[in-house]
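Trainee: Got a minute to walk me through this one? I'd like to start with how the strands are put together.

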Amino acid sequence: MNIVVLVKQVPDTWSERKLRASDNTLDRDAADAVINELDEYAIEEGLRLQEAHGGEVTIVSMGPEKATDAIRKALSMGADKAVHVTDEALRGSDGLVTSDVLARVLGRTGFDVVILGSESTDARMGTLAAMLAERLGVPQMSFASKVETDGSKISIHRQADYGYDTLEATLPAVVSVVEKINEPRYPSFKGIMAAKKKPVETLSLTDLGLDAGEAGLTASATEVVSFANRPPRAAGTIVTDEGDGGVKAAEFLAARKFI
Amino acid sequence: MAEILVLAEHDGETVKKVTTELLTLARAHGEPAVVWTGDGADGARARLAEFGAAKVYVADSADYADYVVAPKAELLAHLVAEKAPAAVLVAATSEGREVAGRLAVKTGSGVLTDVTGLTAAGDTDGPVGEQSIFGGAITVQSRVRTGTPIVAVRPNAVTPEAAPGTAEIEPVSFTVSDDAKTARVTGRVVAERGARPELTEASIVVSGGRGLGSGEHFALIEQLADSLGAAVGASRAATDAGWYPHQFQVGQTGKTVSPQLYVAIGISGAIQHRAGMQTSKTIMVVNKDPEAPIFELADFGVVGDLFKVVPQLVEEIGKRAAG
């Protein structure tokens, strides 16, 4: 089975994330860069499919040069090889451009199943799986909390506010996963050493048949006009419970007309 | 005045609150036209009219419920081509965002997700959407510069206001293509949440975290939620421990909520959780650790044992309701 897992490097949620004043895009130098958390669940699911059905797991990532750290992590978990799309002209690409670039890469790698995290922790759009399925003309099996396949048919539990839907489709397909789906493995020492020797193909925009003007901020259909740091919340009233904490809380709720 | 298409979220009978929010927002930018998929439009018409819908385009086919996302996107693309609307509004639910994504690809249009407000740019530019990013730390103003603006609006971000409309029903003759019917819905499993409102739609959310100590103790959270007519949420620590189902998780890897009132019980307030609730209008906290970062967000906080404070609060709410 030809399994492709999409991986994105994102600014660490635990560090201070900023936008650049010059062009309103993400300041990648301001925060530590880590692999998008939900992508680890996607890698794990890819590895499990490989264990059950054989074949190869290919990591695909679009991002700056230092995204190789995220790629190496994915390889150290057990993926076989990687494709890294990197080009200065990609900076500031919106979802529409990103999905175009990735769809072109997937056209080169081929796939039986493409797996990705249901959203990234930086942009949080949650649209990439749908956009890719649309561009590639394959079934969209997104927000999966469970995946089952016999190698030709695929069924998932699609998580929803009310519980979940069960979906069925025929491979090839695009699958996005939520964190409930599995428990990602930690890279072993052996895995980390092996990852250093695994092949990583680097692609530029030209390699994908795109000009610099067809990607990045200039080609994006959306733009950030301005941004501002959110003003801190006004300090609230904090009381220590002396046997009447619940009563005081009720008084607060009554004063604000919630009860 | 140009039309604004509003994709209705409904359960086949009742229109969801978020759709009334979208209609309220749409009225400021054009003439709201609801797009209704499946049946139930006649029954919901009065409510759509109450919030200013001028038209209701009804595509009555089972395909929209039987296959995920793609049929709705195809229908909207058809209507965008036929009606040339000024914008398309959808709810920023998982499904709404995915419909928006597919529609963006089909029409070559820009999409803004999780928008909390929409202002007119004043000239030929499209409307400017406000978004709250990085867990609410930064507010950005974004706009669509290519195609028909597609805007996914965060539930609860807009206060619905009634304004009468005619809500004329107009059937749409459109056949969903086979290409859009590849991911088939074979069943639906609805988790038990009693009569509680949906998490992302609720005006009040009561969430429990690590401080609860066990799944059984979530009964306390449910009691408080029921006394307030609230939805129940949970921190990641609680869902990871299996104390409460994963779909109720509030936070960066779960749901983002912005209710009128958010009550955090036994939740320390790690950035991962704050990212999902920081834009709530009013925040109340009960936690035994006075140093817990969640208190930084609290409009009102009680430092104390939740197993004493919460039952007393539930009792007090009961008394006031009875009195």
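Mentor: Sure. One term before we start: two strands pair if DSSP finds at least two bridges between them. Keep in mind that this is a predicted model.

Trainee: OK. So which residue in β15(B) is the bridge partner of A:I238?

Mentor: B:G301 is the partner. Their strands, β13(A) and β15 of chain B (residues 300–303), run parallel and are joined by four bridges.

Trainee: What sheet does that belong to, and in what order do the strands come?

Mentor: An open sheet of six strands. The order is β13(A)-β15(B)-β14(B)-β13(B)-β11(B)-β12(B), with parallel pairing. From one strand to the next, the twist averages 15°.

Trainee: Which strands stand at the edges?

Mentor: β13 of chain A (237–240) and β12 of chain B (231–234). Each has a single partner strand, so one side of each lacks a neighbour in the sheet.

Trainee: Which helix of chain A packs on the sheet?

Mentor: Helix α7 of chain A, residues 245–255. It touches β13 of chain A, plus β14 (282–287) and β15 of chain B. Its direction is at about 175° to that of β15(B).

Trainee: And what does α6(B) lie across?

Mentor: β11 (204–208), β12 and β13 (261–265) of chain B. α6(B) runs at about 170° to β11(B).

Trainee: B:I221 is in that helix. Buried or exposed?

Mentor: Buried, because B:I221 has 27 C-beta neighbours inside 10 Å, and the cut-off for buried is 20 or more. Helix α6 of chain B covers residues 218–228.

Trainee: What does B:I221 touch?

Mentor: Leaving out residues up to four places away in sequence, B:V206, B:G208, B:L212, B:V232 and B:I265.

Trainee: Switching topic. How many residues are in the largest nonpolar core?

Mentor: 127. A:V5, A:A74, B:V6 and B:L89 have the most contacts inside it. Helix α3 of chain A (residues 95–109) gives the most to this core, with seven residues. A second, separate core has 49 residues, including A:L253 and B:Y262.

Trainee: Why would nonpolar side chains be buried together?

Mentor: That is a general tendency in soluble globular proteins.

Trainee: What surrounds B:L89?

Mentor: Its contacts, not counting residues up to four places away in sequence, include B:I4, B:L5, B:V6 and B:V153.

Trainee: Last one. What about chain A overall?

Mentor: Seven helices and 13 strands. Of its 259 residues, 49% are buried. Its C-alpha trace spans about 65 × 45 × 40 Å along the principal axes.

Definitions and conventions
Residues numbered from 1 in each chain as written. Chains lettered and ligands numbered in written order. Predicted model: local features only at pLDDT ≥ 70, side-chain atom pairs only at ≥ 80, totals over all residues. Core = buried A, V, L, I, M, F, W, Y, C linked by C-beta atoms within 7 Å. Buried ≥ 20, exposed ≤ 12 C-beta atoms within 10 Å, placed from the backbone. Helix = DSSP H or I, 4+ residues; strand = E, 2+ residues; numbered from the N terminus. Contact = placed C-beta atoms within 7 Å. Axes fitted to C-alpha atoms, helices over the stretch in contact; angles between N-to-C directions.
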